[in-house]
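Let's take a walk through a protein model together. Keep the picture open and follow along as we go.

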Amino acid sequence: MRRKTSIALAALIMACSVTGCQGAVSTITRNVIENNQADSAAAVPETPESTETETETELSSEEQEEQEQELYNSYIEVNNFMLGRLSDSLERYFYYVDIEQEEFALLDADDDYYDCYSLSEYDIEEARNAYALADGKRDKTALDQSYLNLYPSLSAVISTLNEIETYTDMKSYLDDDFQKAKEYHAALMGALAEYVDASDAFMSELDIVAAERQEKAYEQMKAEGYEILYAMNRVIDLAGDIEDELYAQGVWDENILDMDLEKIQPLYDEFVANVDALLEYDKDEEKLAAEGISKYGWWDSFIRDLKDTKVSLTEVLQKVKDGEELDYHDTLITQMAGRCSLTSFDAGVSSLINDYNNMIDVG
């Protein structure tokens, strides 16, 4: 389980502001570091050359702010990639491979199949870009340094997963009787041993910076009359707060009855209040137009996903109040919003972020 609100987990960039928030490392990744400290360390990949120059201090305050904004946006993109596709690829890999074993071993000894998801060149380039920008700064912040510390293990995890994806896609493990699989597994476990702690440190620093930016953004939105955009940001942020609280409680689909409703309910109530406000705004085309939002296209998608996301969470909380675990039917299809599961709620939050970013044309 992870928070994708940046959301997330996605840069919340507006005409008037920027906001974001940190996500937690997925449970499957945490289990790697808790259960495995592989002796073999992944080779540290070559990092981009330093771009620090003597002319940095000659930049105007406006230019420096633009550079800081570009770097912050890159951090958000990398954060979302780590919590999204990268985490999904790791979860896919450990769906087949025994996470408890230092050496490569399939969970089903009678099976002869495993794979993981590929990672795109776009995301790899974003990670490189963030490294180059951070490394090029003369006065580095705690966030900058945390990312510089993270990059070697992040890059190693990325490259190893892509090598595994190519190897499994070509069914090469059948040609060499899983010999290369053992090498890749050792490299991945070694990289993850460093990656988990480094990613936690980076996300913690990003959370601090994002919270500061977010508060300023909220104040500016309200001051300038962006009521709809404010509600959209708040509803996504509150969904992330709920996911963070669930993570802190150690609660997900398999143990929803362990949920502390006294802590979840206030967040849920505020979440629903913002959902209701957005549904009212959906009826007001004039107000939408005043904030530069088209009633159709991505707004319609946002509203549809908002309803489904709310339904997923509402049904799960009702199960908890009734003292019922999720049943087999609830967990059949969880990768879409509207189902009665926390995984479905999480999928809905991801969809909301995607809708929002497309709506405001982040890029």
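Is Y151 buried or exposed? Y151 counts as buried, because its relative accessibility is 4% and the cut-off for buried is under 20%. Keep in mind that this is a predicted model.

Now find the partner of Y151. Y131 and Y151 make an aromatic pair, with 4.6 Å from centre to centre and 40° between the planes, so by the angle rule the pair is tilted. Y131 sits in helix α3 (residues 121-135), while Y151 belongs to helix α4 (residues 142-169), so this pair ties together parts that lie 20 residues apart in sequence. Y131 counts as buried too, at 10% relative accessibility.

Next, hop over to W299 and F302. These two also form an aromatic pair, but this one is stacked: the centres are 6.2 Å apart and the planes differ by 20°. Both residues are in helix α10 (residues 298-322), and because they are three residues apart there, about one helical turn separates them. W299 is buried, with a relative accessible area of 0%, and F302 counts as buried at 0% as well.

Those are two examples from a longer list, as the count comes to 19 aromatic pairs. You can also look for one aromatic cluster, formed by Y93, F94, F104, Y114, Y167, Y173, F178 and Y184.

Finally, let's head out to the surface. There, E62, E63, E65 and E66 gather in a patch of negative charge. Take E62, which lies in helix α2 (residues 61-96). E62 is exposed, because its relative accessible area is 55% and exposed means over 50%.

Terms used: Residues are numbered from 1 along each chain as its sequence is written. This is a predicted model: local features need pLDDT of at least 70, side-chain atom pairs count only at pLDDT 80 or more; totals for chains, interfaces and linings use all residues. Side-chain values use heavy atoms; hydrogens and water are left out. Patches are made of residues with over 30% relative accessible area and no salt bridge: like charges are joined within 9 Å, nonpolar side chains (Val, Leu, Ile, Met, Phe, Trp, Tyr) within 5 Å. Accessible areas come from the Shrake-Rupley method with a 1.4 Å probe; for residues, only the protein chains shown count as cover. A salt bridge is a side-chain nitrogen of Lys or Arg within 4 Å of a carboxyl oxygen of Asp or Glu. Lys and Arg count as positive and Asp and Glu as negative; His and the chain ends are not counted. The place of a charge is taken as NZ of Lys, CZ of Arg, CG of Asp or CD of Glu. Helices (H or I, at least four residues) and strands (E, at least two) are DSSP runs, numbered from the N terminus. Buried means under 20% relative accessible area, exposed over 50%, partly exposed in between (1.4 Å probe, protein chains only). Rings of Phe, Tyr and Trp (its six-membered ring) pair if their centres lie within 6.5 Å; planes under 30 degrees apart count as stacked, over 60 as edge-to-face and the rest as tilted.
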